[in-house]
Amino acid sequence: MTLPDRHRITSGLAAACMAGLVLVMPGGAHAGSASAPPLPAMGPSLRKTVAFETAEQPGTIIIRKDEKALYLVTRQGQALRYKISVGRDGFGWTGVVKVGAKTEWPQWRPPKEMRARQPELPEMVPAGPYNPLGARALYLSRDGHDTLYRIHGTNDPSGVGFDGTSGCFRLTNTDVIDLFKRVPIGAKVVVQ
């Protein structure tokens, strides 16, 4: 397994999902206020049912970084394939983890290492539709410890299908909502 150990995750380069993000809300607007920007687009579904041979059990997520695809095994010989963004150079990893937690409209706290690289980032973006983690997040854990990596949505549907994250896996909001409903906490995640 080449997933960094806990110390390297918290202090290494791959400490967060979003890269190059500048969050701007005119006049400090908040969701629900009269001056709030329009709600972000949910994005198209880039999901399809495909033939997929694996020895893994139904309910397992298999991420193939080179394909920029996340597969959810649905039965023997079949999976749902979701188009994703993956970690850019220096932020990729492989290994076996589990879904340790799930959150609807998660809050986002950029790690201090990311804020050092991008001082314009806020300490925290509250939960809600303007959060850069999108509509849902599945928190990946190993041996009961949060890896700081996520499978999450995005408020920028054009940001899916690339090497552009800091180690997380990004789907359209439409697709992450679908995946969120299908995957229980404790599900196995294989990153190849």
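These are my notebook entries on a predicted model, covering the sheet, the salt bridges, the aromatic rings and one helix.

**Entry 1: the sheet**

I started with strand order. Nine strands make up an open sheet with mixed pairing, and they run in the order 1-4-3-2-11-6-7-8-10. I then looked for the edges and found strand 1 (47-51) and strand 10 (169-170), each of which pairs on one side only.

At the strand 1 edge, I looked up the neighbour, strand 4 (residues 78-83). The two strands run antiparallel and are joined by five bridges. I noted lysine 48, whose bridge partner in strand 4 is arginine 81.

Next I went to strand 6 (residues 95-104). On one side, strand 6 pairs with strand 11 (residues 188-191) in the antiparallel sense, over four bridges. Here I found glycine 95 opposite valine 191. Strand 6 also runs antiparallel to strand 7 (residues 136-142), with six bridges between them. In that pairing lysine 98 has serine 141 of strand 7 as its bridge partner.

I followed the order on to strand 8 (residues 145-152), which pairs with strand 7 in the antiparallel sense over five bridges. What connects strand 7 to strand 8? I found a hairpin with two residues between the strands, and aspartate 143 in the turn has a positive phi of about 55 degrees. Arginine 142 is bridged to histidine 145 of strand 8.

At the other edge, strand 8 and strand 10 run parallel and are joined by two bridges. One residue to keep in mind from this pairing is arginine 170 in strand 10, the bridge partner of histidine 152.

**Entry 2: arginine 170**

I checked the surroundings of this residue. Arginine 170 is buried yet has no salt bridge. I looked for an opposite charge and found that the nearest such side chain, aspartate 156, is 6.5 Å away. That pair does not count because a salt bridge needs the nitrogen within 4 Å of the carboxyl oxygen. What does the side chain of arginine 170 reach? I found the backbone oxygen of glycine 159, at 2.9 Å.

**Entry 3: salt bridges**

I counted salt bridges next, and the structure holds nine. I took glutamate 56 and lysine 188, whose closest N and O atoms are 2.9 Å apart. Their positions in the chain are 132 residues apart: glutamate 56 is in the loop between strand 1 and strand 2 (61-64), and lysine 188 is in strand 11. I looked up exposure for both. Glutamate 56 is partly exposed at 25% relative accessibility, and lysine 188 is partly exposed at 32%.

A second pair is arginine 150 with aspartate 146, at 2.7 Å from N to O. Is arginine 150 buried or exposed? Arginine 150 is buried, with a relative accessible area of 11%, while aspartate 146 is partly exposed at 28%.

I also looked at glutamate 123 and arginine 115, where the N to O distance is 3.9 Å. Glutamate 123 is exposed at 57% relative accessible area, and arginine 115 is partly exposed at 29%.

Lastly for this entry, I noted a network of salt bridges that links Arg47, Asp175, Asp178 and Arg182.

**Entry 4: helix 3**

Some of those names led me to helix 3 (residues 173-182), which is mostly covered, with seven of its ten residues buried. Among the buried residues are Asp175 and Asp178, together with Val176, Ile177 and Leu179. Phe180 is also buried, and the charged end of arginine 136 sits over its ring, 5.6 Å from the centre.

**Entry 5: aromatic rings**

I found three aromatic pairs in the structure. The tryptophan 93 and tyrosine 149 rings are stacked, because their centres are 4.7 Å apart and their planes are at 25 degrees. Tryptophan 93 is in the loop between strand 5 (86-87) and strand 6 and tyrosine 149 is in strand 8, so this pair ties together parts 56 residues apart in sequence.

Tryptophan 93 also pairs with phenylalanine 169, in a tilted arrangement with 5.7 Å between centres and 55 degrees between planes. Phenylalanine 169 lies in strand 10, so here the parts tied together are 76 residues apart in sequence. I checked burial: tryptophan 93 and tyrosine 149 are buried, and phenylalanine 169 is buried too. I recorded Trp93, Tyr149 and Phe169 as a cluster linked by ring pairs.

One more ring contact went into the notes: arginine 88 lies over the face of phenylalanine 91, at 4.0 Å from the ring centre.

Note on methods: Residues numbered from 1 in each chain as written. Predicted model: local features only at pLDDT ≥ 70, side-chain atom pairs only at ≥ 80, totals over all residues. Heavy atoms only, no water. Pairing = 2+ DSSP bridges. Buried < 20%, exposed > 50% of the residue type's maximum accessible area, 1.4 Å probe, protein only. Lys, Arg positive; Asp, Glu negative; His and termini not counted. Polar contact = N/O pair within 3.5 Å; in protein donor to acceptor, adjacent residues only side chain to side chain. Phe/Tyr/Trp six-rings, centres within 6.5 Å; stacked < 30°, edge-to-face > 60°. Lys NZ or Arg CZ within 6 Å of the ring centre and 35° of its normal.
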